[in-house]
Amino acid sequence: MLSDEQLVIACLNGSEPAFSELVERYQQRLLRFLLSRAACRADAEDALQDAFLNAHRYLESFNPRWRFSTWLYRIALRTLARQQQSVPIDDVLHQAGGEDPLQACIRDSERDNVWLVAKARLDDAAFTAMWFRYVEDMSVREVAETLQRTVSWTKVTLFRSRRTLSAALADEALPRGGPVNEGI
Amino acid sequence: MKEFDRRLKNDALTIDAEVSAEWRARMDASLRATKRLPAVAPQKRAAGRLWLASSLTGVASALVIIAVMNWNRHEEPPAPEVAALPRTVPEHVATSPAASFLDIRTAEFTEPLEEELQHLQSDLEKARRNMRRDLEFAF
């Protein structure tokens with residue numbers, strides 16, 4: 001099985017199926033991330049398509065010092081930011097009846113999904129940092145490079161976000177009227 | 001902590017992110033229509049040119065500042081030549097045969113004035129003393 005970078009080289013040498021393979025590998029992962037950030041599913045799918053098209057268009061500019069996934073996520077973040085600049089997310093949510101697309105995409109579960117809690121409690125940058133670190137398994141340095149932040153900022157944000165989420169989940173797990181654990 | 005990390009990952013996987021066949025067909029069609037752009041290398045060359053231009057500007061401005069400072073600098077007057085002090089001992093005395101046993105020195109013309117000043121000061125002191133004594137007698 002070829003690595004992502006080998007597929008990029010194959011694509012640069014003229015193999016179009018190589019890029020289709022890359023799309024196949026990343027479409028679900030990237031859509032999952034975009035669904036967590038976009039205003040609705042249609043926006044997330046549009047951003048996904050634009051991200052892949054931009055990656056294909058600028059493939060010659062791909063720097064091999066990056067991992068392909070890091071580069072692709074950076075493109076996706078820019079695409080999403082451009083999309084949200086043109087149409088504010090609040091407007092889209094209002095048109096969609098206020099339904100959170102992430103909520104709509106989560107399969108029924110006995111307990112609350114931690115990413116729904118994260119979306120409610122964390123800001124966009126902290127949410128994205130957490131997603132890249134714990135879902136995409138990026139290193140702290142890769143997260144920092146993708147978000148164009150410092151490593152220190154990333155470490156601090158990850159630490160605080162984890163603490164916030166842990167506290168929020170502990171609060172929700174408590175039975176009504178039960179004792180408040182102030183140690184968390 | 002490990003459990004929390006696992007939960008973060010597992011909960012992400014519960015998000016339904018299956019792409020539809022229509023999306024995939026649209027994607028493939030768009031890819032076929034997209035042309036690849038050349039690498040963005042000119043940015044590096046532009047950055048190099050910018051560096052060169054800023055360096056040249058810096059050097060040129062430094063030269064201008066040096067030139068302006070030199071232009072405004074006042075011409076200092078040349079130092080006067082040190083004139084030889086006139087000899088106070090006349091030539092004919094210095095070269096006379098008696099000069100070998102005479103202790104010839106330059107005349108100190110300020111000495112009488114200093115003596116005169118001291119005399120005046122002592123006179124003034126005396127006058128002050130006399131006046132104080134007279135005042136004591138009067139009252």
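**Figure 1. Chain B of this predicted model, where buried residues make up 4% of its 139 residues.** The model shown in each of these views is predicted rather than determined by experiment. Chain B has 5 helices and 0 strands. Following the chain from its N terminus, the elements read α-α-α-α-α.

**Figure 2. Chain A, with 10 helices and 0 strands.** Walk along the sequence of chain A and you meet the pattern α-α-α-α-α-α-α-α-α-α. Of the 184 residues in chain A, 35% are buried. Take the contacts in chain A with a separation of 6 or more: 59% of them join residues 24 or more positions apart.

**Figure 3. The contact between chain A and chain B.** Here 28 residues of chain A meet 24 residues of chain B. On the side of chain B that touches chain A, the elements giving two or more residues are helix 1 (2-13) and helix 2 (21-33) of chain B. Helix 1 of chain B provides the largest share of that side, with 7 residues. By type, the residues on this side of chain B divide into 13 nonpolar, 3 polar and 8 charged.

**Figure 4. The largest nonpolar core, a set of 50 residues.** In soluble globular proteins, nonpolar side chains tend to be buried together. Which residues of this core touch the most other members? They are A:Leu30, A:Leu34, A:Ala51, A:Leu72 and A:Ala76. Two or more residues of the core come from each of these elements of chain A: helix 1 (4-12), helix 2 (16-37), helix 3 (41-57), helix 4 (68-86), helix 7 (114-121), helix 8 and helix 9. Helix 2 of chain A gives the largest share of this core, 9 residues. For a closer look, pick out A:Ala76: leaving aside residues up to four places away in sequence, A:Ala76 touches A:Leu30, A:Leu34, A:Ala47 and A:Ala51.

**Figure 5. Helix 3 of chain A and its buried residues.** The 17 residues of helix 3 of chain A should span 24 Å at 1.5 Å a residue, and the end C-alpha atoms are indeed 24 Å apart, so the two values agree. Which residues of this helix are buried? The buried residues of helix 3 of chain A are A:Asp43, A:Ala44, A:Glu45, A:Ala47, A:Leu48, A:Gln49, A:Ala51, A:Phe52, A:Ala55 and A:His56. As background for reading such a list, an α-helix has 3.6 residues a turn, so residues three or four places apart point the same way.

**Figure 6. A:Glu45, a residue of helix 3 of chain A.** Is A:Glu45 buried or exposed? A:Glu45 counts as buried because it has 21 C-beta neighbours inside 10 Å, and 20 or more are needed for that label. Apart from residues up to four places away in sequence, A:Glu45 touches A:Leu31 and B:Trp23. Find A:Arg32 as well: A:Glu45 and A:Arg32 are 13 residues apart along the chain, and their C-alpha atoms are separated by 9.9 Å.

**Figure 7. Helix 4 and helix 9 of chain A, packed at an angle of about 30°.** Two packed helices are described by the angle between their axes and the distance between the axes. For helix 4 and helix 9 of chain A, the axes are 9 Å apart. The crossing of helix 4 and helix 9 of chain A is right-handed. Helix 4 of chain A makes the contact with A:Thr70, A:Tyr73 and A:Arg74, and helix 9 of chain A with A:Glu142, A:Glu145 and A:Thr146. The residues of this contact divide into 1 nonpolar, 2 polar and 3 charged.

**Figure 8. A:Asp137, a residue other than glycine with a positive phi.** Most residues other than glycine have a negative phi. In A:Asp137, phi is near 55°. You can find A:Asp137 in the loop between helix 8 (124-134) and helix 9 (140-147) of chain A. A:Asp137 is exposed, as 10 other C-beta atoms lie within 10 Å, and the label applies at 12 or fewer.

**Figure 9. A:Gln148, in the loop between helix 9 and helix 10 (151-173) of chain A.** A:Gln148 has a positive phi of about 55°, although it is not a glycine. Is A:Gln148 buried or exposed? A:Gln148 counts as exposed because it has 8 C-beta neighbours inside 10 Å.

How values were computed. Residues are numbered from 1 along each chain as its sequence is written. Chains are lettered from A and ligands numbered from 1 in the order in which they are written. This is a predicted model: local features need pLDDT of at least 70, side-chain atom pairs count only at pLDDT 80 or more; totals for chains, interfaces and linings use all residues. Helices (H or I, at least four residues) and strands (E, at least two) are DSSP runs, numbered from the N terminus. Two residues are in contact if their C-beta atoms, placed from the backbone, lie within 7 Å. Ala, Val, Leu, Ile, Met, Phe, Trp, Tyr, Cys and Pro count as nonpolar, Asp, Glu, Lys and Arg as charged, and the others, Gly among them, as polar. A nonpolar core is a set of buried Ala, Val, Leu, Ile, Met, Phe, Trp, Tyr and Cys residues joined through C-beta atoms within 7 Å. The expected span of a helix is 1.5 Å times one less than its number of residues. Axes are lines fitted to C-alpha atoms, for helices over the stretch in contact, and angles run from 0 to 180 degrees between N-to-C directions. A crossing is left-handed if the near helix is turned anticlockwise from the far one by less than a right angle, and right-handed if clockwise.
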